Amino acid sequence: MPTSSVTSIHQPRQDLRHDWQRHEAAALYALPFSDLIFQAQSIHRSNFDPNHIETASLLSIKTGGCAEDCGYCSQSAHYDTGLKATKLMDQDAVVATAQRAKDAGASRFCMAAAWRNPKDKDLDRVCDMVSAVKSLGMETCATLGMLTDDQAKRLHAAGLDFYNHNVDTSPEFYGKIITTRTMQDRIDTLSRAHEAGLKTCCGGIIGMGEQVEDRLGMLLLLANMPHHPDSVPINLWNEVKGVPVNDTAERPDPIALVRMIAVARIMMPKSVVRLSAGRQYMTDELQALCFLAGANSIFIGDVLLTTKNPQTDRDANLLDRLGMTSGISATEAAPAAMRASA
């Protein structure tokens, strides 16, 4: 077993580090599976209830027509994916969807708009939505593209808790996926959100054709930020017709996914690690291994933006069988309530 650069499995480090080196991440990833899981689970138990899963819901409040050329995205105006662009939803419809999400067991409601960056007149409406959803007693999250300092402050004043802005992949692989927005643009927006008092939600996508080195590179980027993201969503790429990533995509080996979750937990011990898009491709057994490795959040509802997600009753059944608590239960899950327009 590696010993020089990886903490002993019997004494996992608990401090927050921002100076991780690539060889350290690679050594963690290469540990014997049981040793890696033991270390990740030990750190997880020191910072979270290991038997609780956070549940969130995600709604597309403005779909399609995005000016960015993200090669994985069904909402990019650069590709013909068959998706019809929509206008910003009415506030009443958003709040009604949030209420159904809360009734189904979600504690956080995330609002996503397919923009490069929001216009101030649109941000006014989003701020009103945030305040209205906040009044339901839910945590609020938004992903709206790049922000200015003033826009971040306005969202915080409206009651927004989290701002999501993913880095998507490693700095080295990034240019093969996106050309209309730089990695630095993304980091700058995260910094503005943090400085405005917002918690940050930042992760990426795997399965687009990147290598293990790129996945670790993404985790290094996140773990070495001045402030670790409060939430780290890990997405499996969802198959989308008409986008360039179709030509390079390769679904990760399940054990490789679990290893990545474990490394994320070790490197960012106090961050919530979320299994996000792509869970419909995962078996119950794989999800259980990911929870054991330190994942402790999921999106519920059978639609995530424009792609499928496991139905809420399946999630409730799995968590019940695992003896894990959440906002949902096997007897009260109502998947139909989550079929919001997205």
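**Close-up views of strand pairing and a helix crossing**

**View 1. C141 of strand 3 has F162 as its bridge partner in strand 4.** The model shown is predicted. Strand 4 covers residues 162-164 and runs parallel to strand 3. The two strands are joined by 2 bridges. Helix 5, residues 149-158, belongs to this unit too. Together, strand 3, helix 5 and strand 4 form a β-α-β unit, and the unit is right-handed.

**View 2. Strand 2 pairs with strand 3 in the parallel sense.** Strand 2 spans residues 108-113, and strand 3 spans residues 139-143. Their pairing runs over 5 bridges. One residue pair to look for is A112 and its bridge partner in strand 3, T143. Between the two strands, the chain passes through helix 4, residues 120-134. This β-α-β crossover is right-handed.

**View 3. Helix 1 and helix 8 cross at roughly 120 degrees.** Helix 1 holds residues 22-29; helix 8 holds residues 212-223. Their axes come within 10 Å. An angle over 115 degrees but not over 145 counts as oblique, so helix 1 lies oblique to helix 8. The crossing is right-handed.

**View 4. Side by side: the residues where helix 1 meets helix 8.** Helix 1 contributes R22, A25, A26 and Y29. Helix 8 contributes V212, E213, L216, G217 and L220. By class, this contact has 6 nonpolar residues, 1 polar residue and 2 charged residues.

Note on methods. Residues numbered from 1 in each chain as written. Predicted model: local features only at pLDDT ≥ 70, side-chain atom pairs only at ≥ 80, totals over all residues. Heavy atoms only, no water. Pairing = 2+ DSSP bridges. Helix = DSSP H or I, 4+ residues; strand = E, 2+ residues; numbered from the N terminus. Right-handed = clockwise from strand over helix to strand, strands pointing away. Axes fitted to C-alpha atoms, helices over the stretch in contact; angles between N-to-C directions. Parallel < 35°, antiparallel > 145°, perpendicular 65-115°, else oblique. Left-handed = near helix turned anticlockwise from the far one by under 90°. Contact = heavy atoms within 4.5 Å. Nonpolar A, V, L, I, M, F, W, Y, C, P; charged D, E, K, R; others polar.
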